[in-house]
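User: I'm new to this one and keep running into labels I don't follow. Can you take me through the reasoning behind them?

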Amino acid sequence: MEKISNRKIFFMIFASVATAGVLVICTLAQSVRNTKIQTKFAVNVPEVTQPECIVREYDGKIGVFRGESNTPYKIIDYNVNLLSDYDRQIISAGIVMESDEELRKFIEDIAG
């Protein structure tokens, strides 16, 4: 009778240890999976860059602003009132230019 009782205790402890081992292995596997996913997305996330400049109206002319500045670094001598209503609205809201090439093309389009 004592052998049966000892056997039950042994198998109960063995089952508990086995269950705990499975839980630890599953938790570690999930942690590794999450780390791989985070690494994968961290590599593929593009950097958010600040725009090269913003073009908007400044004293009736077209001003080119860099960064957060409220004073233009360049003023295009073109009267905003000569633009169509739609273009005036866009210029008032501000146009983001991502490169100097894009700005150059914009100036050629306005002046030409």
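User: Let's start with methionine 97. Why is methionine 97 called buried?

Analyst: Keep in mind that this is a predicted model. Methionine 97 has a relative accessible area of 3%, and buried means under 20%, so methionine 97 counts as buried. You'll find methionine 97 in strand β4, which covers residues 95–97. In space, methionine 97 is 5.8 Å from isoleucine 54, C-alpha to C-alpha, with their positions 43 residues apart in sequence.

User: What about the aromatic pairs, how many are there?

Analyst: The structure holds three. One of them is phenylalanine 10 with phenylalanine 11.

User: What makes the pair of phenylalanine 10 and phenylalanine 11 edge-to-face?

Analyst: The ring centres are 5.4 Å apart and the planes sit at 70°. Pairing needs centres within 6.5 Å, and planes over 60 degrees apart count as edge-to-face, so the label fits.

User: And why is phenylalanine 10 with phenylalanine 14 called stacked?

Analyst: Here the planes are 20° apart, with 6.4 Å centre to centre. Planes under 30 degrees apart count as stacked, so this pair gets that name. Phenylalanine 10 and phenylalanine 14 are four residues apart in helix α1, so about one helical turn separates them.

User: Why is phenylalanine 10 exposed and phenylalanine 11 partly exposed?

Analyst: Exposed means over 50%, and partly exposed runs from there down to the buried limit of 20%. Phenylalanine 10 has 52%, so it's exposed; phenylalanine 11 has 48%, so it's partly exposed.

Methods
Residues are numbered from 1 along each chain as its sequence is written. This is a predicted model: local features need pLDDT of at least 70, side-chain atom pairs count only at pLDDT 80 or more; totals for chains, interfaces and linings use all residues. Side-chain values use heavy atoms; hydrogens and water are left out. Helices (H or I, at least four residues) and strands (E, at least two) are DSSP runs, numbered from the N terminus. Buried means under 20% relative accessible area, exposed over 50%, partly exposed in between (1.4 Å probe, protein chains only). Rings of Phe, Tyr and Trp (its six-membered ring) pair if their centres lie within 6.5 Å; planes under 30 degrees apart count as stacked, over 60 as edge-to-face and the rest as tilted.
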